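Please open the structure in your viewer and keep the sequence beside it, since this tour moves from one selection to the next.

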Amino acid sequence: MEQMNLIKKNAGMDIKVMLSTLWAFLLFNYIYCDLFTAFDPKIMKSLVMTGSSGGFEFTQGFLLGFSVIMEIPIAMFLLSRILDYKFNRWANIIAGIIMTVVQVSSLFGSPTIYYIFFSIIEIACLIVIVWLAWKWPKFENKIT
């Protein structure tokens, strides 16, 4: 029933635009969560004193790996608009699943309450991205 309501609400909306918009929404949530984390006194102190936090040492290699992972949603913002149906659909499904796994795995340990808040929003957004791409009818670019 809820799926039908979402489809009715967005009837006629271009799926490429919807997917791209969801990736942008996700990116804003990632950025603000990371910004808030940078101002967390406990994390800031740990980084300044030891160069690590939450069991992760912030080496150049770690930051490069994190950069590669974050490039996925950045690229999907653009690719969702320019790829053709077949590649677009599968790119969104695969990227959405990868980022969901990354986000869920980031919750292990002792995340802060604001991190959990952002993570719930980010995971929900990723589920919607995968669902829209999965349900995307062949030869149609609009949700009907």
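In which helix do Y32 and F36 both lie, and how many residues apart are they? Select the two residues and you will find them in helix α2, four residues apart, which is about one turn of the helix. Helices here are DSSP runs of H or I with at least four residues, strands are runs of E with at least two, and both are numbered from the N terminus.

Before going further, note that this is a predicted model, in which local features need pLDDT of at least 70 and side-chain atom pairs count only at pLDDT 80 or more, while totals for chains, interfaces and linings use all residues. Residues are numbered from 1 along each chain as its sequence is written, and side-chain values use heavy atoms, with hydrogens and water left out.

**The whole chain**

Colour the protein by secondary structure, and six helices and two strands appear, in the order α-α-α-β-β-α-α-α from the N terminus on. Of the 144 residues, 33% are buried, where buried means under 20% relative accessible area, exposed means over 50%, and partly exposed lies in between, with a 1.4 Å probe and protein chains only. If you count contacts (heavy atoms within 4.5 Å) between residues at least 6 apart in sequence, 77% of them join residues at least 24 apart.

**Back to the aromatic rings**

A pair of aromatic rings is described by the distance of the centres and the angle of the planes. Rings of Phe, Tyr and Trp (its six-membered ring) pair if their centres lie within 6.5 Å, with planes under 30 degrees apart counted as stacked, over 60 as edge-to-face and the rest as tilted. By this rule there are five aromatic pairs. One of them joins Y32 and F36, edge-to-face, at 6.2 Å centre to centre and with 75° between the planes. Y32 is partly exposed at 42% relative accessible area, and F36 is partly exposed too, at 40%. Add F117 and F118 to the selection, and you have a cluster of four residues linked by ring pairs.

**The nonpolar cores**

In soluble globular proteins, nonpolar side chains tend to be buried together. A nonpolar core is here a set of buried Ala, Val, Leu, Ile, Met, Phe, Trp, Tyr and Cys residues joined through side-chain atoms within 4.5 Å. The largest has 19 residues, of which W23, Y30, L126 and I129 touch the most other members. Helices α2 (15-38), α4 (60-82), α5 and α6 (113-135) each give two or more residues to this core, and α2 gives the most, with eight. Now centre the view on Y30, which touches M70, P73, M99, Q103, E122 and L126, not counting residues up to four places away in sequence. Apart from the largest core lies another, of five residues, including C33, I43, Y114 and F118. C33 counts as buried because its relative accessibility is 2%.

**A buried asparagine and an arginine between rings**

Next select N88, in helix α5 (residues 85-105), which counts as buried because its relative accessibility is 0%. Its contacts, leaving out residues up to four places away in sequence, are K16, L19, L79, S80, R81, L83 and W136.

Finish at R89, which lies over the face of W90 at 5.4 Å from the ring centre, and over the face of W134, also at 5.4 Å. A charge sits over a ring if NZ of Lys or CZ of Arg is within 6 Å of the ring centre and within 35 degrees of the ring normal.
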